[in-house]
Structures are given as structure tokens and as C-alpha cells.
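The following exercises are to be worked through with the sequence and the structure at hand. Each task is followed by a solution in steps.

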Amino acid sequence: MIQETETIDEFLARCSADVEEAVRKAAAAEILPRFRRLAAHEVDQKSGPHDLVTDADRLAELRLTDALGALLPGSVVVGEEAVHADPATYAALQGDAPVWIVDPVDGTRQFVHGDDGFCTLVALAHRGVVLASWTYAAARDQLATAVRGQGAFLDGERLFAGPPAPGRDLVVATSHPDYTTDEEKRALHALWTDGFAPRACGSAGLEYLAVARGELDAVAFSWEAAWDHAAGLLLVEEAGGAHLTRTGEPFRVAGGNALPFTAARDTATAHRVAEQLRTAA
């Protein structure tokens, strides 16, 4: 629990391990017991067949909402499932209170199909700035963390993305076409050219982790949902990477971005991808 005169930075120094414990407990209680054991009645569609939600999503988010709110009184939670139920709650990202941004199961489609490529994403933001993040791939027992200005870590080991090897095509994970407008499709299609090797993305959180690890050169995404991006963007930044919108500005977690945007393993790569996205304008 935050102390009366404590800053958020001081809270994080004291309580980051408590957040990690809350994330692990939510996954252990609500997600892993259902992995590869989901019954048909535990899976629903939201906007369509590629937009799934399960009992694991709903119950893990409720558990995280209770735990995180108790750790930091006065904070609010913006969770994917709560916003689906009441879109007005998304506006908290633009308020003055500290905000926990939660995606209980990022990669729900993979989770439903028994693929271990899913994760739980938690970020803490204040006045539009992401201050800390936790990316937990429960089925792989991998935890990546970042605190602004203090680096990115995977299972306690420092992450450095580094520049891509010279002379080879840039591998870029891109949005699924079902979630793009015609204009965004044209922008992303510009990556299908010499010097780039685009591929479809999986869990956004795990793609960001791959960028932070230097295993993937960049992502190019066409949607803004904060719960998909907040944790990963800080992870990439703290590993030495950068993110830019199509107009060359950093991505704003509270919204209003020119899409698509990119996050890449270094600044030069981010500029190269963003410039390529602009060629379709």
C-alpha cells in the first residue's frame, strides 16, 4: 500500500515485487488451470470470430483489479474486459489518477487453441506516461519487467535489443488484416517490398518482448488499445528501442495517434519502418 507522502517512484521501488506476485497469482488461479482445458461454455466472441474472450480473461482481470487497487489506493484500473463492458472507463487514461492498464490474457486466440503464445500484461501509467510494466508468459514461466529509466529485464537478466545485423531484410510483425481500415492496409502493404520481411503478429505483448530481446526487428500495428501496447512499449524503450507513429511522433498511450505505428529495436530502425509506412500516403 502506498504511504501518504510517497511518490509513485518510491511506491514502485518498494512494491514492484508485490505487483509481480499479484500477476503470478492471478495466472495461477484463473489462467493456467484453464489452459488446454477450456470447455465450450467458457469461450465467447466479442466483435467477431477472431475476437475471443474466456472465463480466464474475465476472472483474472477481476482478481488483478482487486489486488492492484489494494496495492495503490487512489489508482484506477483500465482493463480490456471492463472497458468492453463499459467503454467510458477508458477515459481514465486521460485523468490525474495513477492507472493500472491490464490485459489479463493477451493472445486469447492462442490460449483458446492450446498454444502457449499468450501472456498477461500489466502497466502502471500516470498522466499518459507509462512508468512500469510486467509481461508474464505464464505457460512458459517467463516474466519481463521494466521501470522507466531503470532498464528492461527478463527473469532478472537485463535486456538490450541492439541494432539489426546490417544487410538483411527487417523482420516486422504486422497487424492482422481483419483489424485494419483500407488506408491502414495500404500503409502496411508498403512493407511488402525489398528490405523488409513482414509477417503476421501473434500476441502483441510477446511480439514486443521479442523486439526487446533483439529477436524481432520491429512491429507495425494499426490499433491503439492501451492494454495491448503500454507494457510492451516501455519494455522496448528500456531495452534501447524506440516507437514512432506514421507521422514520426512517439506513440501516446492515451490515444489520438496517427496509425499504423511502429516499435523497433533501435531508433534508426523505427525511423526506417515509419518512413516506409508513410510512403502509402
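## Exercise 1: The lining of a pocket

The largest share of the lining of the second largest pocket, four residues, is supplied by helix H7. The model used here is a predicted one.

**Task.** Determine which elements and which domains supply the lining of the second largest pocket, and how its residues divide into nonpolar, polar and charged.

**Solution.**

Step 1. List the lining: Gly128, Val129, Val130, Arg148, Ala230, Leu233, Leu234, Glu237, His243, Phe251, Arg252 and Val253. The volume that they line is about 160 Å³.

Step 2. Assign the residues to elements. Strand E6 (129-137) and helix H7 (226-238) each give at least two residues to this lining.

Step 3. Assign the residues to domains. Domain 1 (8-158) and domain 2 (170-279) each contribute at least three residues.

Step 4. Sort by character. Seven residues of the lining are nonpolar, two are polar and three are charged.

## Exercise 2: Helix H7

**Task.** Compare the span of H7 with the expected span, and decide whether the helix is largely enclosed or not enclosed by the rest of the structure.

**Solution.**

Step 1. H7 contains 13 residues, and the distance from its first C-alpha to its last is 18 Å. This is close to the 18 Å expected at 1.5 Å a residue.

Step 2. A residue is buried if its relative accessible area is under 20%. In H7 the buried residues are Ala226, Trp227, Asp228, His229, Ala230, Ala231, Gly232, Leu233, Leu234, Leu235, Val236 and Glu238.

Step 3. Because 12 of the 13 residues of H7 are buried, the helix is largely enclosed by the rest of the structure.

Step 4. After the helix comes Gly240, which has a positive phi, near 105°.

## Exercise 3: Cysteines without a bond

**Task.** State how many disulfides the structure holds, and explain why Cys201 has no bond to Cys119.

**Solution.**

Step 1. The number of disulfides is zero.

Step 2. A disulfide requires two cysteine sulfur atoms within 2.5 Å. The cysteine sulfur closest to that of Cys201 belongs to Cys119 and is 12 Å away, so the distance is too far for a bond.

Step 3. Consider accessibility as well. Cys201 is buried, at a relative accessible area of 17%, and Cys15 is buried at 1%.

## Exercise 4: Backbone angles

**Task.** Find where Arg127 and Asp141 lie, and state what is notable about the phi of each.

**Solution.**

Step 1. Recall the general rule: most residues other than glycine have a negative phi, and most peptide bonds are trans.

Step 2. Arg127 is in the loop between strand E5 (119-126) and E6. Its phi is near 55°, a positive value in a residue other than glycine. With 58% relative accessibility, Arg127 is exposed.

Step 3. Asp141 is in the loop between E6 and strand E7 (142-147). Its phi, near 50°, is positive although the residue is not glycine. Asp141 is partly exposed, with a relative accessible area of 46%.

Step 4. Turn to the peptide bonds. The bond joining Leu259 and Pro260 is cis, with omega about 0°. Pro260 belongs to the loop between strand E13 (242-245) and strand E14 (261-264).

## Exercise 5: Separation in sequence and in space

**Task.** State how far apart Ala187 and Phe261 are in sequence and in space.

**Solution.**

Step 1. Ala187 is located in helix H5 (residues 182-189) and is buried, with a relative accessible area of 0%.

Step 2. Ala187 and Phe261 are separated by 74 residues in sequence, and their C-alpha atoms are 10.0 Å apart in space.

Definitions and conventions: Residues are numbered from 1 along each chain as its sequence is written. This is a predicted model: local features need pLDDT of at least 70, side-chain atom pairs count only at pLDDT 80 or more; totals for chains, interfaces and linings use all residues. Side-chain values use heavy atoms; hydrogens and water are left out. On a 1 Å grid over the protein atoms alone, a cavity is a set of points where a 1.4 Å probe fits but cannot get out, and a pocket is an open set with protein on both sides within 12 Å along at least five of seven lines; lining residues have an atom within 4 Å of a point. Grid points are joined across faces, edges and corners, and a volume is the space filled by probe spheres set on the points. Ala, Val, Leu, Ile, Met, Phe, Trp, Tyr, Cys and Pro count as nonpolar, Asp, Glu, Lys and Arg as charged, and the others, Gly among them, as polar. Domain bounds come from an automatic or database domain assignment. The expected span of a helix is 1.5 Å times one less than its number of residues. Buried means under 20% relative accessible area, exposed over 50%, partly exposed in between (1.4 Å probe, protein chains only).
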